[in-house]
Every structure is written in structure tokens, then in C-alpha cells.
Amino acid sequence: MPDTRVILILLFLPLLSFLINGLFGRKLPGSLGGLLATATLFVSFLLSLSAAYSYFFGSVGITGAYETLIPFQVTWLQFSESFSINMGILADPISMMMIVVVTFISLMVHVFSLGYMKGEERFATYYSFLSLFTFSMLGLVLSSNIFQTYIFWELVGVSSFLLIGYYYQKPSAVAASKKAFIVTRFADLGFLIGILILSYYGKSFDFVTLTERLVPAASTYSQAAAAAGFLGISALTWALVLIFVGGAGKSAMFPLHIWLPDAMEGPTPVSALIHAATMVVAGVYLVARLFPIFSLACPGALDVVAWTGIISALFAALIACTQTDIKRVLAYSTMSQIGYMMFALGVSGYGAEEGLGYMAAMFHLFTHAMFKALLFLGAGVIIHYVHSNDLKDMGGLRKALPITGATFLIACLAIAGIPPFSGFFSKEEILLSAYNSNYTIYIIALITAGLTAFYMFRLYFSIFWNKPQVSANEHKHEGTLSMLIPLLILAVFAAFSGFIPFSSFVTSDGIPFETHLHLEFSILPVLLSVSGIAIAWRYYKKPSTVPASVSQKTGSLYRTINKKFYIDEIYLFVTKKLVFQLIARPAAWFDKTIVDGMMNTAAAAAQVFSLSISGLQSGKLQHYAYYFIGGAIGLAILFIYSIA
Amino acid sequence: MNLSLLLLVPLLTSILILFVKTDSVKKLALGGAVAQLILSLGLLFSYWKESAMAEAGKFLFEYKAAWFPAFQINYHVGVDGISVAMILLTAFVVMAGILMSWKVERMQKEFFFLLTFLGAGAYGFFISLDLFLMFFFLEVAVIPKFLLIGIWGSGKKIYSANKLVLMLMAGSALVLIGLFGVYYHANSNTGGFDLTQIASNGIPIDIQMYFFPFLFVGFGIFTALFPFHTWVPDGHSSAPTAASMFLAGISMKLGGYGCLRVATYLMPEAAAHYSWIIVLLATIAVIYGAFATLMQTDLKYMNAYSSVSHCGFVLLGIGMLTPTAVTGAVLQMVSHGLMTALFFAAIGMLYERTHTREVAQLGGLLKVMPFISTVFVIAGLCSLGLPGLSGFVAEMTVFVGAWERVELFYRIATILACMSIVVTAVYILRATGKAIMGPITESKYNLLGDASWNERLAGVLLIAGILAMGLLPFWLKDLVGPGAIEIVQKLKA
């Protein structure tokens, strides 16, 4: 059982660093603010390790399962007797795993940024945003209440907005930050409505209570939720699918992915932390958090998760093959790998070996965080060195950047799923669970695995081999020590973290089980990956005209993929043309012309009326005499007639 | 605690302002505002102490004296949690508004007199428990606005001042008809104009059906009830900064409070009967106001239309008639008051330096005015409902409360209202992205200075209020909740 105080301290330390850097950062000398933030985060990381250690090695109860603990909870906002937003800490295998991942990657990024962001004018501001993000992300993963999740969900969103727009004078960065916020906001609308529906039937916002009430099919709560429906779909399915929409927005799943590639406008370490390792997997985490309800009470919603995941995985892998911006290739690869995690959850069952997909998704989340953060930080070094994001400005860098080259290669091997690197293990479990559940998904996943190996090594060879080294750079060094140490540490984890017996720690029902390597099963995916690498080696290790001629021959197909299937253009059409021209502009016009026009007309009518009767008050005696006599006669006639 | 102090302090300050030398006017006004802030905080603490022992949802610190005995009009004051919340809001906005007016040179004496006097009207309105007294203070709070906009305003100020006052006067006229309807009936029950008396006697259903619309629409005009909201954009944008802050932060709240305290509280059955119309109009205001905001290019117009949208949440909460939703409506009044005042303060600061409010002409101001820009961004984030700031708490309370109404119509209205959070994000980020972020558009902006001490103090004060509500919402919820339950419970009984 982890110590409550330890978890609270590790959660609030980044907040403290945010306040110090945010309020007084400008006055701190040199890089003191950054060092301070890094130091507090280091403490947070150590505390997370100790919390996770005491959870995983001290809390298997009599049942042999990891229990879900709520060591701390306070009421933040009480709506009515049964409804309240509680702020609490939920300790279970996934939350304990996530705090380690978040603090570890964040620490690496903090250290890396000390070198990478050195000399930036808003250095302290940068660290204050990083700290705010870390705090929000920790709050998100530790949430015990779905509204608490929503609160921190929005806070990670705003931290992401602030960091993408860090170079705020660059119009493209501003546009990207707006896009990221608005697209995820749109998805969060689904999340919010989903919460409202789910809590209406579960009569609570607490995860534990919701699970207890909605999972057993016989409970009055789940029967009410199953009986109610809209458009022929049960209320529970609506709720879960809408919540998943929120998750899909944050995790950049098709078709809500459009913000992620643009988000690469942020500083590269930020992309490593937020847009690769932690925040973008929040959607996966959310589905995992509600997994018992998804799996046991509403398998239909889980199918939506599975198909969204696999479509995104393939879709993004295809696009990644055609991009030439190093960070965009990595962004699409992130989307693709998150798609892997999503469909792994989608095909998973509940409990023990049935829940292999769940375990595999979490495993892949862990290994992916390591190798993808490494890839992005490596990309940071490369961009730092060549001052460009474009592959055409790179080539032959293996001599100039030996450490980066080696660690980048390790990460590429890991993401391609080559044994014994970490990605191999997690990906194999995912493929196995797909194989056991849905053959179509399995086939698509295999194709994606081959594509992944191809585009990653296309990237690797284009950067480090291909052309002879690009002209000698004024930078003599690969980077400062603070940039290279995180690369080396992450490389160790990207290489070896596959050997962690994950199923002994993280399972769908908390009961550890054993997984075995199935050699005969691994042959096919590994072969596909190797052939992907081989193709990349054949055409990208040395300059070759084949890729260009292939893209030319495939013509419109290639263009469609290169233009990312025109999804951005479709969005632009819907927002700019439809929403603005057909809703907002008419609304503004209606208000100015009709509604306000009515008021002005009423005022004008009153004016005309008063002007016309103001003649009655002429001040001339003879006029009054006319009115008097006329009135008297009229009255007299009226009297005579009424008497008659 | 003697509630009349809340009325006397601003009243005496405003009279004193007329008699002191011009150069000490500002200090006197600020001193009065500080005294009001201390008084209202004192009221909060003594209310906490007293209400712990009193029955939940009852009026405290009551005081009653005959005013016009012949018509049974009394000076009757008292507060419940809702009024305390509104008084706190008033004190914050008054102080911030006075700080933001530090540079007003023209007819300084008259300006500060009107501001302080307007504040007195608002306090009087919120403590009144006599309908006639309440109406009296409602009028006190309207007239100064005409002069504030007409004399110190900008743009088409005469048109705007006329429009605002005429429309608000039309609202007052409707309120007056409603009040006489209530009085006429209640008089036979010896209730007179006394709010608590009428509430406990009850009003027959048929009378309610006739007069509820008068009172609700009358007060509703003050809080931008669709389609009577068009005074808001013109009025706000022509008003000087402090007047905009008072208008959005205080005056619009008079309407919401009146809808709740007078119309809904006294005629719960009629409120339930007409609830679908209220919800319909409120939902239109929320979503249509948000879309209309998208097309605005002037920052003040943007914030004014966004006020229409945000005040829609107040009416939506009232129309839903569940305790949570009504609580949410009150929270939204407080939140919107603080946030809009902050937003107008930020816009005023930008305008004073750049002499434009057109978003297209602004750009990259974060570089030259970090403090003002931060204030602008915080106000914007509060407006789009970022957790940790007050808007989130208020909107979520309204949504959760509205969701308790299970009929399909109310569900659809709630979902539509929820959609506004996306539209709000769009217009806030568009303005922020252009004016605050991005490259500096004109080289002369490079020479501009950041906020002065008084502006900083005003910003910090309002942000403190926003954070106090956004980070720790429970105290405000507990303050307001019993009053809201009291209002809704009358319906069930």
C-alpha cells in the first residue's frame, strides 16, 4: 500500500514549480528556474518509483489480485446528495504505472530542455508550462472521479495549447495551437455529454461506484441504462461511445487526428513529452480506466474502439510513408502506434488470459513512451544541428551525430518490432490478441507493422545515410551533455524494457498471469518488419530514383496519401464554408437586421406616433376650442344614442 | 450585522464626492470601495456564523421599518446566501471599476459620483425584501448608466445610451405592471409589497399565469433575454471601461436576481408552467449568441455578444428549476460578473494604449504588454470554461442540474447549450491568437507600456475572485445552495 502523503507530494511538487516559475521566473537568474523545475521533478520521479514499488510489491491481497485503492478523496463540488465532483487518488496497476511513465519521461524532457532551450527569452515560462503539464497529467492519471478526469483532461489540453504556441510570434505556431485546442475541445464535448449520460444512470461520478453499479447486468442501474435508449441504441452505448469520442480527440484517432501533425510546431522536447509519450495516450488510458464497463456491460462500444484504432493505425502508417518532415513522420507514427493500443483494447476480453489485449495495450503504451520519446529527442538533436525539419536537408549524419544515430537506430528497431527490442514484445502481444479475436483486424495490423518498419527506416536511412554528410556545420558538437544523457538513458529502456514481465503487474482484472513467447507466431510479423527494413535499406541507404518514380507512377493515389487524404481540406470546408457562412454569418446578420431592426422600428414608430400627436399640444387657444367643442358634441351624441 | 451600512457607505461616499476638492475625488471613491469590500467580506463571515445556527435558506439580518404605511410599503431588508454572493460580486466589481477609472479626467467629480451612486443602487436592490423598495433601487441603478455612456462614452454613444435606457425602462415598466399585479392580489391578503409575506401567503395560480410573464420578461431584459438583448452590444461598446464593467458585472445581474428572487420565488407554479419557454429562449441565447460572437471584429462587441451567450446560462439554469441548475444559475451570475468585468478591464487597457479595438489591427501584444495580455488570456480561458477558473464551475453546475430534467426537450436543450463550449473556444482563441499572439502588426506598438499599478491591482483583484471560485468552489456552492433549494422547494410543496 503506497503512502498517501508520498503520492500527494509527488503530485503537487510540479504545481509548486509551476507557480514559482510562472510568478517569479523572470526574476530568477540564468537557468535557475529550469534547474529548479528539473530538481522538483526528479524528487517527484523518485516518489513515483517508491509509490509504484510499494503498490506492486506490497498490495496483492488475499485474492491474489491487485486491488483498486482510494487512499485519498475530498469533495470538491457537491451538486446534490448523490452527485459530487470528488478530488481523489486512485491507485491501481495502470495509475501506478502511468505516474512512473509520466514523471520519468517528463524528467528526461526537463533535463534535455536545459540544453535545448538554453538562451530562450522565455526560458522560465517554458518550464512553468512544462510543470503545469506534468501536474495536470499526474492529476489525470490519478483521478478517482470521472469529472476529476475531465478537469485535468482540460488542463492538459490547455498546457498543450500553451506549449504548442510557445513560439507565439510565429503565425503557424499560433494556428497550430488554436487547432489543437479547438479540435480536442470539440471531442471533449462528446466526453462531457458522455459523462452526463453515464452518471445519470450510474448516479455517481466515482469510477469505483460507476463500475460497481453498471457492470453487473442484474443491477437496477445497468438495467435502467440498457432499457433507455435513443435512435435504437442503448443509453450506455451512447455514453461510452461519446466518452470515447473525447478519448479519440485527445489521442488523435481518425478522424479527429488533424491537430497532431500541426502540433509539431511546438518545441521538439514538448512534442516528445506531450505529443508522443503522455498526453496523447490519455484516450487509451481513459478507455482502460472504464474497461470493465466497456468490456462487460457494453461490448458494442468496444467494437467502435477496436475499429477506430485499427483504421487510424493503417491510415497514419500510409501517410507516414509519404511525409518528408521528420517531426510529421514521427507524429503520424505516434498516431499509428496509438491506434495499435486502441484496437488492442477493443479486441480484448476481460479477466486473465482473456484480457491479453488490455495487458498488451498498456505494455505497448509503456514501451512506446520510451522509444517514441527517444525518437523525438533524437529528432530534436538533429533539428538543432541542421536547423531544418526537412529530410532533404539531412543525410549522412551518422558521423557527425554518433550517439544520436545509435540511439535513433535502437528506437527504430524497437518500433519496428525487431527482437529483442522492447517494441517486439508489446507488439507481439497485441497481434496475438487480435489474432485470437478478429482476423480482419489481425491482417490489417500485420500490414501496418510492415509499413511501420518501412517508414521508420526510410527516416533512419534518409537522415543518417543516403547522401554524403551535408556540409560541415558551424556546430562542432552533437549537443550538450544534458541533451545526450537523456538519449542514452531512454535508449536503454527502449532496448530492454520488453523484458519486464508486464502481465505480472498490469492486467484487466488485477490478477497477474503468465505470458509465453510463441515463436512460431512471431515469425510472420518479424519477417514483414524485416522486409520493410530491407526495402527501406535498398532504396534509401543510397540516393535512388526509385522512390520518386514510384510516387510518380502511382500519381493520384500517391498525391491523395501525401495530402493526408484531404482530411484537413474537408474540415476547412465544413468549418469555414458551412459553419461560418451558413450559421455564424446569418446569426450575426439576423441579430443586426431583424432583432435589432425590430427594436429600432419600435422606437421609430413611437417617435412617429408621438410626433403626429404632438400637434395636438399646439398651444393655440382656438385649436383647443375646436377639440373642446368637437368633444362635447361627440359626447352629447353618444349620450343621446345610449339613452335611446 | 446591520445591512443598511451596505447602503449607507456608498451613498455617503457619493454625496461626499460632490463636496470635496476635485483632486481628492478618486481617493475618496477608492476609500469608499475598500470600505464596501471590507463590509461585504464582513457580511460573508457573519452570514457564515449566523447561518450555521439558523434554519437553512432563511433570510438573516432582517430589518423592517415603515416607509409609506398607507400603501404598506416598508423599508425591509435581509439577505440569504444568494444575496450575499451578489453583494460580494458587487463589491469586487465596484472596486475594480474605480481602479480602472483612475485616468478619467473629464468631469471627474460627476463620473465618480455616478459610479458610486450606481453601486449604492445595486447594494440596495440585493438587500431589499420589499418589492417596492427593490423596484426603487432598480431604477436608481439604471439612470446613472444613461449619463455614464452619454457623457463619457465613445462611438455612437447617444444612440447607445438612448437604446440602453429605453429598453431597460421598458423592462422596468413590465416589472412594475407585474409588481402591481402581485400587490393588488397580495394586498387583500395584507401582504402588501413584502416579499417574505407574499411568499408565505402564496399567489393563486391564475394570477401567477397573468403576471409571471411580465415580471420574468421585465427582469429578463436586464439580463439579455433573447430577443430583448440588443441593448447589450451597443451599450457595452459605447460605455467607458468602468461603465462596461459595471454594466456587465452588476447591472445584468440585477435582472437575473430579479427573475429568481421575485418572479420564480413568488410564482413557482407559473415558472414551472412557462419553464419550457424560458429554456427555449435561453438555449437560443446561448447558442445563437455564441455564433453571433464569432462574426464580431470589435473586442467589445465580441465580449458583449459573448455576454448574451453566457447570461443565457443564467436563464437556462433558472428555467430548468432543479436545485442544482438554479444554484448553477447563481454561480454563473457571479462568475460571469467577475469574468466580464476582467475582460472589459483588459480590453479597456488595450484600447487606451493602441486606440483600437479592432482585432484585425491588433497583434503580438504579449511581447510589449505581458501583464495585460496575461489578464486577457485568463479572462478568455475563464470564458471558455477552463477548469480552475470560475466559468467551469458555474457552467458544469448548470449542465449537471439541467441534465436532471429527463424529458427529451430539456435534454436536447442541454446538449445544444453544451455545444456552446466549442464555439466559445473558437472565438476566444481567434481573438487571442490575433491580438495577443502572432507578430506585432504595427511598429508603434513596440513603444507601448504595460499596466500601471491601479490597473494591476484591478486585474489581480478580479483574478483572485475568479480563482477563489474556480479552485475552491465548495464555499460558494454551500453559500448559494440552500437559497436555491428554498426557491425550488416551494414548487414541490
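**Stop 1: where the two chains meet**

Begin by colouring chain A and chain B separately in this predicted model, and look at the boundary: 38 residues of chain B are in contact with 37 residues of chain A. To see which parts of chain B take part, select α6 (157–188), α11 (268–294), α13 (323–354), α14 (365–368), α16 (390–403), α17 (408–436) and α19 (474–492) of chain B; each of these gives two or more residues to the side that touches chain A. Which element gives the most? That is α17(B), with 9 residues. Now colour this side of chain B by residue class, and you will find 29 nonpolar, 7 polar and 2 charged residues.

**Stop 2: a helix pair across the boundary**

Keep α17(B) selected and add helix α6 of chain A, residues 171–202. The two helices pack with their axes 10 Å apart, at an angle of about 170 degrees. Are they roughly parallel or roughly antiparallel? Since angles over 145 degrees count as roughly antiparallel, that is the description for α6(A) and α17(B).

Show side chains here. From α6(A), pick A:Val174, A:Lys178, A:Phe181, A:Ile182, A:Arg185, A:Phe186, A:Leu189, A:Leu192 and A:Ile193. From α17(B), pick B:Ile415, B:Cys418, B:Met419, B:Ile421, B:Val422, B:Ala425, B:Val426, B:Leu429 and B:Gly433. Together these contact residues divide into 15 nonpolar, 1 polar and 2 charged. As you look along a helix, remember that an α-helix has 3.6 residues a turn, so residues three or four places apart point the same way.

**Stop 3: chain B as a whole**

Hide chain A for a moment. The secondary structure of chain B comes to 19 helices and 2 strands, and its C-alpha trace spans about 70 × 60 × 45 Å along the principal axes. Chain B has a radius of gyration of 21 Å, which agrees with the value near 23 Å that a compact globule of 493 residues would have. Buried residues make up 65% of the chain. Of the contacts in chain B with a separation of 6 or more, 80% are between residues 24 or more positions apart.

**Stop 4: the hairpin of chain B**

Select residues 60–68 and 73–79 of chain B, which are strands β1 and β2. They pair in the antiparallel sense over 6 bridges. Label B:Leu60 and you will find B:Val79 of β2(B) opposite; label B:Lys64, and its opposite number in β2(B) is B:His76. There are 4 residues between the strands, and in this hairpin B:Gln72 takes a positive phi near 55 degrees.

**Stop 5: three loops of chain B**

Most residues other than glycine have a negative phi, and most peptide bonds are trans. With that in mind, go to B:Met107, in the loop between α3 (81–100) and α4 (108–127) of chain B. B:Met107 has a positive phi of about 45 degrees and counts as partly exposed, with 14 C-beta neighbours inside 10 Å.

Next, jump to B:Ala224, in the loop between α8 (205–222) and α9 (231–238) of chain B. Its phi is also positive, at about 65 degrees. Is B:Ala224 buried or exposed? With 28 other C-beta atoms within 10 Å, B:Ala224 is buried.

Finish in the loop between α17 and α18 (453–471) of chain B, at B:Gly449. This glycine counts as exposed, with 9 C-beta neighbours inside 10 Å. Draw a distance from its C-alpha to that of B:Arg353: the two are 96 residues apart along the chain, yet separated by 7.8 Å.

**Stop 6: inside chain A**

Bring chain A back and select helix α11, residues 268–277; 10 of its 10 residues are buried. Among them are A:Val270, A:Leu273, A:Ile274 and A:His275. The partners of these buried residues include α3 (93–116), α4 (123–142) and α16 (356–386) of chain A.

Then add α12(A), residues 282–289, together with α15(A): these pack at about 10 degrees, with axes 10 Å apart, and are therefore roughly parallel. A:Val284, A:Val287 and A:Ala288 of α12(A) meet A:Ile338, A:Met341, A:Met342 and A:Leu345 of α15(A). By class, this contact has 7 nonpolar, no polar and no charged residues.

**Last stop: two cis peptide bonds**

In chain A, zoom to the loop between α9 (235–250) and α10, which holds A:Pro255. A cis peptide bond joins A:Phe254 to A:Pro255, with omega about 0 degrees. Then move to A:Pro420, in the loop between α17 (402–416) and α18 (422–437) of chain A. The bond from A:Pro419 to A:Pro420 is cis, with omega near 5 degrees.

Note on methods
Residues are numbered from 1 along each chain as its sequence is written. Chains are lettered from A and ligands numbered from 1 in the order in which they are written. Two residues are in contact if their C-beta atoms, placed from the backbone, lie within 7 Å. Ala, Val, Leu, Ile, Met, Phe, Trp, Tyr, Cys and Pro count as nonpolar, Asp, Glu, Lys and Arg as charged, and the others, Gly among them, as polar. Two strands pair if DSSP finds at least two bridges between them. A residue is buried if 20 or more other C-beta atoms lie within 10 Å of its own, exposed if 12 or fewer, and partly exposed in between; C-beta atoms are placed from the backbone. The radius of gyration is taken over C-alpha atoms; the globule rule is 2.2 Å times the number of residues to the power 0.38. Axes are lines fitted to C-alpha atoms, for helices over the stretch in contact, and angles run from 0 to 180 degrees between N-to-C directions. Angles under 35 degrees count as roughly parallel, over 145 as roughly antiparallel, 65 to 115 as roughly perpendicular and the rest as oblique.
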